[in-house]
Amino acid sequence: MVREFAFPAAPAPGLPGGEVAGTRRGKSERDADAIGIPAFPDLFEGIADALLLMTPRGVIMHMNGAASELLGYRPAEVAGKHVSMLYPPSEETRIQACFDELAMRRSTRYLDGVALTRDGETVAVDVVGSRIEFAGGPAVIAVVRDIRERKQAEAALRAAQERFYLLAEHIREIFWVSDPHTRALYYASPAFSDISALPNGEQPGDLNGWAQAVAPPDRSRFETFLAAQAQGEVAQVEVRVADRKGGLRWLHCRAFPWQAQDGHARVAGVAEDITARKEAEAHRLAQAERQRETLVREAHHRIKNSLQGVVGLLRRCAGQHPALAHALTGAISQVRSIAVIHELQGSQAGAPVQLGEFLRMIAGSIEGLFDARVKLDVRDLSAFELRLADSEAVPLAIVLNELLMNAVKHRQIDRDAGVDVELSTDDDGALIVIGNGGELPPGFDFAARRGLGQGLELLAALLPTEHATLDFRQQPGRVLTRLALRPPIITFDETRDHAHIRRHQPATAAG
């Protein structure tokens, strides 16, 4: 049913909007009268949007003040003229389609259209046209809305989006936008597909999918990184991800919280490929480590040479002063044992000293100094894979030197009698057993610190109490000295499991 608007031929005196004869009327009313249109200022002029009143064929009958201000025409200038004067020829087809639609329907829309002003300027508009009854006949009323501000805002948004995508799609860094709580990904730049090992270069649906590309040892740190985002914190982390070539790439990830226009929390993140930097750092560290090892070897070599010089001086002094020879022999032995440590540390490029090799060299030093046979029997080849803690190497050298020196000095008078040294291992550590012919002195008790000589008193002071135990046992005509060592004084090499396959294969090493 066609809507009808009953506009009075003239305002009734005394009614709102009415005018007493002889009073001054508005310009739009006078223009309306000039073209024979009834006056309706309160309704037509009171609307903020621009209004055009036309015949069904598009002949303009009237426009309100808002339309006059928008288009620059006075109502009398457009009255009786076709509406085509208000739009460019390029819009003819669309406008005609709207009039055709009005012939069949009550309303039509001309959206994102263009209007022409009196000065020839184009104005972006939205127009809604409705078919009405006016003054007893059909008419069309068009509501014209100026959308220039909206178009400018849309253009600015499009430009910003184009700049964003131009940047995000072409930078080498991964850029993403996500929900910190659900971990949903709103955007992830193509760089992620270029780096990650996800099948067919696909993008992850959320950050949990991204986590699957993170190397397993780094996933807990990546999870902490995600949890910090949920707390609204600025976060960063360095992780490795599997790449498409089967290798690992290092990523430095940073995330920044922000609030979208809809009020929801968002996170913007950037992940930079720092593989080259990490590799360069590893190269520098390896080079520095090689330089350090060279300096350490040189330092140990010089210390060893200096100690050997001290040994030479002590021997010369012992030769010149026979009365002091016995006392100096002990000092020479101790200095030589320390020199052995530095020789081993200098030859192994900073690696921890091997217990088996260390014991072999100490035994050889004692054997040469005292002209006595010292036989080393390694019961388990895995003993050669035990390592000494650097901080305990020198004290342990002095302890073993003192024990072997005592065993040699107190052995039976028979020059063929020697000292036996056994080295074995178990799951708790290592056991060194030194056997020599002889008897413990009356009243000797190492645990109670009774009957100890000066050397054993020094030994008791140097021996770590928590991770080493020492005891002396008397057997018929023979003394056994047992030294047990446990971690962290010693540590097992990574090849320990392989060594256990060879356990109980005897080996003998004589110094």
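Where in the chain does R183 lie? In this predicted model, R183 sits in the loop that links β7 (174–178) and β8 (185–188). The report starts with loop residues, then turns to the whole chain, to helix α5 and to the largest cavity.

## Backbone features in loops

R183 is not a glycine, yet its phi is positive, at about 65°. Because its relative accessible area is 16%, under the 20% limit, R183 counts as buried.

R449 is also not a glycine and has a positive phi, of about 60°. The loop that holds R449 runs between β15 (429–437) and α14 (454–462). With 44% relative accessibility, R449 counts as partly exposed.

The two arginines are set out below.

| Residue | Phi | Relative accessibility |
|---|---|---|
| R183 | about 65° | 16%, buried |
| R449 | about 60° | 44%, partly exposed |

A further backbone feature concerns two prolines. P487 and P488 are joined by a cis peptide bond, with omega at about 10°. P488 belongs to the loop between β17 (478–485) and β18 (490–492).

## The chain as a whole

The protein chain has 15 helices and 19 strands. It contains 511 residues, and 41% of them count as buried. Taking contacts between residues at least 6 apart in sequence, 55% join residues at least 24 apart.

One pair of residues gives an example of separation along the chain. E69 is part of helix α3 (residues 65–71), and its C-alpha atom is 9.6 Å from that of T117, although 48 residues separate the two along the chain. E69 counts as exposed because its relative accessibility is 70%, and the cut-off for exposed is over 50%.

## Helix α5

Helix α5 covers residues 92–104, which makes 13 residues. At 1.5 Å a residue the helix should span 18 Å, and its end C-alpha atoms are 19 Å apart, so the two values agree.

Which residues of α5 are buried? They are I95, C98, F99 and L102. These residues cover an arc of only 95° around the axis, and therefore lie on the same side of α5. An α-helix has 3.6 residues a turn, so residues three or four places apart point the same way.

The face turned away from the buried side carries the exposed residues T93, A103 and M104. On the buried side, the cover includes β2 (50–54), β4 (107–116), β5 (122–134) and β6 (137–146).

## The largest cavity

How many cavities of 30 Å³ or more does the structure hold? There are three. The largest cavity contains about 290 Å³ of space. Its lining is made up of 22 residues, and those nearest its centre are V83, I95, Y110, V127 and A142.

The elements that give two or more residues to this lining are β2, α5, β4, β5 and β6. Strand β4 supplies the largest share, five residues. By residue type, the lining of the largest cavity has 19 nonpolar residues, two polar and one charged.

The helix and the cavity share a residue: I95 is one of the buried residues of α5, and I95 is also among the residues nearest the centre of the largest cavity. Strands β2, β4, β5 and β6 likewise appear in both accounts, being included in the cover of the buried residues of α5 and giving two or more residues each to the lining of the largest cavity.

Key
Residues are numbered from 1 along each chain as its sequence is written. This is a predicted model: local features need pLDDT of at least 70, side-chain atom pairs count only at pLDDT 80 or more; totals for chains, interfaces and linings use all residues. Side-chain values use heavy atoms; hydrogens and water are left out. Helices (H or I, at least four residues) and strands (E, at least two) are DSSP runs, numbered from the N terminus. Buried means under 20% relative accessible area, exposed over 50%, partly exposed in between (1.4 Å probe, protein chains only). The expected span of a helix is 1.5 Å times one less than its number of residues. The arc is that of the directions from the helix axis to the C-beta atoms. Contact means heavy atoms within 4.5 Å. On a 1 Å grid over the protein atoms alone, a cavity is a set of points where a 1.4 Å probe fits but cannot get out, and a pocket is an open set with protein on both sides within 12 Å along at least five of seven lines; lining residues have an atom within 4 Å of a point. Grid points are joined across faces, edges and corners, and a volume is the space filled by probe spheres set on the points. Ala, Val, Leu, Ile, Met, Phe, Trp, Tyr, Cys and Pro count as nonpolar, Asp, Glu, Lys and Arg as charged, and the others, Gly among them, as polar.
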